[in-house]
Amino acid sequence: MVDNGSQPSCHAGDIAQQQQAVNTDLTCLIVQLISTAELTDGTVGGGIEIDNVVEEQDTKDVDEGGDAGMDGENLPPGSYELLQLEKDEILAPHTHFCAICGKGFKRDANLRMHMRGHGDEYKSPAALAKPPRDASVENAVVKRYSCPFVGCKRNKLHKNFQPLKTILCVKNHYKRSHCEKSHTCSRCHTKKFSVLADLKTHEKHCGRDKWLCSCGTSFSRKDKLFAHVALFQGHTPALPSEEPKASSDQAGLVGSQQEPAKLASSIDSFMWGNSLSNDSALDVKGLESCSDDFLSTANYGSFNFSFGRLDEFIGSSSESSFAMLPPDHFQSAQKRGGN
Amino acid sequence: MSREGRRLDHGGGGGDDVAGGVGVLVLSLDLLGQVLDRLRDPRDRKACRLVSRAFERAEAAHRRALRALRREPLPRLLLRAFPALERLDLSACASLDDACLAAAVAGAAGAGDLRIRRVCLARASGVGWRGLEALVAACPRLEAVDLSHCVGAGDREAAALAAAAGLRELKLEKCLGVTDMGLAKVVVGCPRLEKLSVKWCREISDIGIDLLAKKCPELRSLDISYLQVGNESLRSISSLEKLEELAMSVDVSRCDHVTSQGLASLVDGRNFFQKLYAADCLHEIGQCFLSKLATLKGTLTALKLDGLEVSDSLLSAIGEDCVNLVEIGLSKCSCVTDEGISSLVARCSHLKKIDLTCCNLITNSALDSIAENCRMVECLRLESCSLINEKGLERIATRCPNLKEIDLTDCGVNDAALQHLAKCSELLILKLGLCSNISDKGLTFISLNCTKLVELDLYRCNSITDDGLAALASGCKRIKQLNLCYCNKITDSGLGHLALLEELTNLELRCLVRITGIGISSIATGCKSLIELDLKRCYSVDDAGLWALARYALNLRQLTISYCQVTGLGLCHLLSSLKCLQDIKMVHLSWVSIEGFEMALRAACGRLKKLKMLSGLKTVLSPDLLQLLQAYGCRIRWVNKPLVYKDG
């Protein structure tokens, strides 16, 4: 084990501590050395400096205060092995590389599948099998990771250093804290994330169960909203389809008062079958005619949709509604409308 | 108005000189209006205005209430014809929808001309929030709105109503879409609310009721029956100082959210409390509630404790505490005994309404006590009290001349009992279902004296024949609701007698296998007010009957013709002619082809609101027809019943 760039431990008392730790873990370290050496042999040529991963191994910086709450496991500084990956390494999507052709893979299983193409020796069950987990279970050395970004609290050089537990933690931490956020929530269009998994978690909760008051305040729970409404005069809960109006004095009547004005104009556009004035044809005539006819086809035409259902029909333009009528009736309706 | 017209009215008097006019024209418009106000029956008023133009003008200027049956004339009526209109009833208006409602009030919005104060839109399922918004904007004096049974109504509709700041009474019974949010909108928008009913709006919870209690201090009457509310709501409600009436019945499945303590805290310290309807709320009544009842000594007038396990001591305590009780409901309460009833009525001599449905331990001695003490009793419900017979009823009939309603379904009633009951000449409602000992003789007794009878239920009284109906038609001319299901001795001639009943509105004739189209024709021509007709399993009724209905029964709104012998032609004609028909049940019409159904349903699709058909038709009818029906707001019930012919 070569100490590359390791820092000399300065304090006498700590040296003893350090040596103790080293002694107790010696066997395991040797085992690890052998296994990592194999790993190094297997993945050379990928252009990625995995050597760094393995060999850059710092002795614990015993100077660190800030032990409190570290890992939540109270790992004393001397008891774990600290690794630091490089930025490129962390951000790289591929972590496993073919030794022969250098193709990169995200998962070890995919790499093993790929290796089959390089010859029969890789098709043996031993080569295809997942590397046994027993080794990692027996491996008593706890690994922790340091963030390469200097100044970050997760960086080994930091005064209150808190290491990260796994490579995945490092990746997520680095992306979240030191990278720009490129993924945006498609619902609220405001929240941005750098890690895709975070975005997905957010989208589960985004826009759901928003309790709004007419003053614009939003609440996470219904009883909170109601307590707010009970407290203030003039506030009402805002129904989801309406936007919260900035109602000041009126007791929440502002919103609904605006609607009838709009209604008058919208009536004309909606009621192609019925109308306010007696001029447009399809309405009263259609109704009167069907009172006399037995099975009059005028019944088909004089639709009087109530608005609630009209939404579906209007949305897909009135042509589609007319499509239900026989074509000659449509023309006759048009003619009557032209009168 | 033309000169000629005026001259006709005068009958030869001077030209424009009104003062010198003859007859009605002597009176001013104002006085004529007052005369019309005193005419109770709308048909009398109609007769007046058809006879004289002066009356017509007076009526138009003074008319306060309108019940529209068709929607086409609404704009003219509301905006121009009746300027003084205050009460508008649109519950029976066929095919009423948002566009129509908005159009009807469109001219008045802004000018605030409409003086309408009360609007009834019960069961108007085509009306949504747009129509309601237009209505509220046009009627600034709106005080009372009834939106009951509009099952599609939801929070947006409630929000529309919240714009009526002066609203005092609101009924949202069975508006299933209304949640706490809608209720909150209403209570914030209408702080002067005095009467509110949200019965069956199961989405409302304690949170909504709590806000209601905080925002509407004027509330006097509240109905929260069948909601998922518990003691929390009771606590909130107890802060309403002016509350007088509370109805909070729950499902028979027994709501466990309410305890006796909750009810006790509600009742505590209340000075004005008058009515408490708490059916099925409690398993047993605790001492705390009982003791609180004593505080209501003077004021409690109505108490409903259906489904409760009572005891004699409890009834005695109630009798002692609440001496002013006018209405007591003990329907389906267990352990109601004669002694309990005696101790109850001994002190509550003002009782007018006594409900003892399914209290099957009751015997004639209980009736004796009631007859002895409660001389003013008007409504007596004794369904399934099978130990009762004519002796007890004799006492009641003799001592209680004010009896207006009596329910004796499934009791041991015979002709002798009816002879006694006939002494109650004020009788309005008589229910004799499942009393197979009754025969034409008993009916004759009734018809001789009970001329005011309005509702008669003879369900499964299979000894009734045509002669009984003849007696009925000659004596009880005001009958509106008549149930003759399974009285299978009735034939067409009996129906011919029924044709004399001009006020008949609801008629149920299930499984009368002997009646044919002839009988139905006579009903259709004679009963001009017919609204509901049930002909299920009248196997001999054919197209002829339907033709008659299509031609004459133009007010018909609800019809059941399942299992009848009708063909597609008859059905098509029926559904295209009856403009008011909203609800039709036609299961197992085996002679109607698929094309027949298609044509018939297309002809009526704008008007139908409820439809019941065999589920096999669901796959066979064209999908765009079903879509069309749904678009018009029609609810279709598909049933899967085997085709079995029953006799009774």
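In which helix of chain B is B:Leu31 found? Select B:Leu31 in this predicted model, and the stretch around it is helix α2, which covers residues 29–37 of chain B. B:Leu31 has a relative accessible area of 44% and is therefore partly exposed. Now add B:Val26, B:Leu27 and B:Val35 to the selection and show the surface, since together with B:Leu31 these residues make a nonpolar patch of about 320 Å².

Next, widen the view to the whole of chain B, whose secondary structure comes to 27 helices and 23 strands. Of its 648 residues, 56% count as buried, and the accessible surface of the chain comes to about 25700 Å², with 49% of that area belonging to carbon and sulfur atoms. Among the contacts in chain B with a separation of 6 or more, 75% are accounted for by residues 24 or more positions apart.

From there, move to helix α23 of chain B, residues 543–552, and select B:Asp543, B:Gly545, B:Leu546, B:Ala548, B:Leu549 and B:Ala550, which are buried. To see what surrounds them, show α22 (517–526), β19 (532–534), β20 (558–560) and α24 (568–577) of chain B, against which the buried residues of α23 pack.

Finally, turn to the cysteines, bearing in mind that the structure holds 0 disulfides over all chains. A:Cys179 is in no disulfide, and the nearest cysteine sulfur, which belongs to A:Cys147, lies 9.5 Å away. A:Cys179 counts as partly exposed, because its relative accessibility is 24%. Select A:Cys101 as the last stop: this residue, at 45% relative accessibility, likewise counts as partly exposed.

Terms used. Residues are numbered from 1 along each chain as its sequence is written. Chains are lettered from A and ligands numbered from 1 in the order in which they are written. This is a predicted model: local features need pLDDT of at least 70, side-chain atom pairs count only at pLDDT 80 or more; totals for chains, interfaces and linings use all residues. Side-chain values use heavy atoms; hydrogens and water are left out. Patches are made of residues with over 30% relative accessible area and no salt bridge: like charges are joined within 9 Å, nonpolar side chains (Val, Leu, Ile, Met, Phe, Trp, Tyr) within 5 Å. Accessible areas come from the Shrake-Rupley method with a 1.4 Å probe; for residues, only the protein chains shown count as cover. A salt bridge is a side-chain nitrogen of Lys or Arg within 4 Å of a carboxyl oxygen of Asp or Glu. Helices (H or I, at least four residues) and strands (E, at least two) are DSSP runs, numbered from the N terminus. Buried means under 20% relative accessible area, exposed over 50%, partly exposed in between (1.4 Å probe, protein chains only). Contact means heavy atoms within 4.5 Å. A disulfide is a pair of cysteine sulfur atoms within 2.5 Å.
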